[in-house]
Every structure is written in C-alpha cells, then in structure tokens.
Amino acid sequence: MILKCVAHSRRVLGIARRFGWLPGARYTNLRDLRRCETIGFIDIEWADYSFKRHLEAVKATHPMLTVAMDILDPKSLPRVLDQAFELSLHCERVVIVPKHMSLRHKLDSAIPKHFVLGYSVPTRYGGTMIPPKYFRRPVHLLGGRPDVQRKLAETMPVESIDCNRFTLDATFGDYFDGDKFRPHPHGGYERCIRDSLRNINLLWKNYAGNGRR
C-alpha cells in the first residue's frame, strides 16, 4: 500500500484524511498540523535551509517521514547523512534525495539502506536528473504531477509519495480526472480536491510496489 501525503491548508488536510492521505507541512509552517494525531511528512524549506529549525520541527511532530537536504554535490553526502541520522532519532523514516549524476551507480553503496531514496519529480522548477532505472530500492516521490508520479512507478519501486499539485489546480476550478487536469464539470474548490484525491487513489489501487501493476 502506497503512503500518500499532502502538505497544504488545514481545510485540504481534513479532506485528504478522509481519503486515507496523511498530513504534512514544511518545517517552517506547522500550524496546520496542531490537531493532527499522526503526521505523515515534514518537508524542508530548500531555498533557505536551516537544519536546526528542521530538527526542532521533527522533534515536535515525530512524523512518519521527513526529507534531508538534496545532495547536489557529492562532497555534501557525509554532512547530509550525519543530519539524516540525527533526524532519524525522531521519526520513522528519513528520505535522502541524491541529485548529482556521479551518484547514479552508488545509490545502494553510498546511502545506507535504512534511509529511503527520494526522487524529486521533474517540473519546470527542477528535479532529479538521475534516470529512474538506477533507483532499485524503495523510493519516495517528491512533488510533480500525479500522472507523472504513477508513470515513474513503472520503472522504480515506489513506497510513498507527496503531492500538492492538485491543490494548485483546484484554485482554478480544475481537477485530476485520472489521466490529466481539466475543468471540473460542476466546479467548486472542495469538489475539485475530493475528486482529484479519489482519482489519484485509483491510480495506485493495484500497485504492488515493485514497478508493475
């Protein structure tokens, strides 16, 4: 069963919970998690990262997952792993996101197996350039479109995802119909959120976690 997380407003978190999704938030904004008993995901503020604030947030929330800094330079790997070990004392799993191409043949040897490999789904804002075929052990998919996430799962073993894209489209009256985003026939923000969640769940319904339906 795929673990699904969304980091957005309290309104969206409440709807998502009814569809089996877990709440998440960036470590800089925990207010919407105050009434949540189980926290799925603590994300980072990648543009201005503070390990101290990140660690404080994880200690306060004890999430199922959190993500360490992206590895953009292989020289940063020891530091990222040290931080990930410390984070792991306060959550169930830590996601390591290797992005430098030189790591593509070393994912299993350089990153301890008790960490989850993270794959940042490519968008116009960036993403992981290492080809999916190199990710051979359980992966967490970070962001991107739900259809792209599901397609990636055909070539890598996905165990968890976080997805916020459908919340952005809902503000314009669009929803994910299981194939693409399009205007909702009846409109309404909450209706778009609900139907998007329902259709994303259907995408993953028969996924066995091994890259095949």
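**Exercise 1.** In this predicted model, decide whether His-184 is buried or exposed, and then describe its surroundings.

*Solution.* The relative accessible area of His-184 is 9%, and because buried means under 20%, His-184 counts as buried. Next, place the residue along the chain: His-184 sits in the loop that runs between strand 10 (181-183) and helix 7 (189-204). Its side chain reaches the backbone nitrogen of His-186 at 3.0 Å. Finally, when neighbours within four places in sequence are left aside, the contacts of His-184 are Gly-173, Asp-174, Tyr-175, Arg-191, Cys-192 and Asp-195.

**Exercise 2.** Compare the expected span of helix 7 with the distance between its end C-alpha atoms, and say what helix 7 gives to the largest nonpolar core.

*Solution.* Helix 7 has 16 residues, which at 1.5 Å a residue should span 22 Å, and its end C-alpha atoms are 23 Å apart, so the two values agree. Among the buried residues of helix 7 are Cys-192, Asp-195 and Trp-204. The largest nonpolar core has 68 residues, and Trp-204 and Val-158 are among those that touch the most other members. Helix 7 gives the most to this core, with six residues. Val-158 is itself in contact with Trp-204, and also with residues including Leu-141 and Tyr-207.

**Exercise 3.** Explain why Cys-36 forms no disulfide with the closest cysteine.

*Solution.* A disulfide is a covalent bond between the sulfur atoms of two cysteines. The closest cysteine sulfur to that of Cys-36 is in Cys-5, 11 Å away, and therefore too far for a bond. A search of the whole structure likewise finds zero disulfides.

Notes. Residues are numbered from 1 along each chain as its sequence is written. This is a predicted model: local features need pLDDT of at least 70, side-chain atom pairs count only at pLDDT 80 or more; totals for chains, interfaces and linings use all residues. Side-chain values use heavy atoms; hydrogens and water are left out. Helices (H or I, at least four residues) and strands (E, at least two) are DSSP runs, numbered from the N terminus. Buried means under 20% relative accessible area, exposed over 50%, partly exposed in between (1.4 Å probe, protein chains only). A polar contact is a pair of N or O atoms within 3.5 Å; within protein, one must be able to donate a hydrogen and the other to accept it, and residues adjacent in sequence count only if both atoms are side-chain atoms. Contact means heavy atoms within 4.5 Å. The expected span of a helix is 1.5 Å times one less than its number of residues. A nonpolar core is a set of buried Ala, Val, Leu, Ile, Met, Phe, Trp, Tyr and Cys residues joined through side-chain atoms within 4.5 Å. A disulfide is a pair of cysteine sulfur atoms within 2.5 Å.
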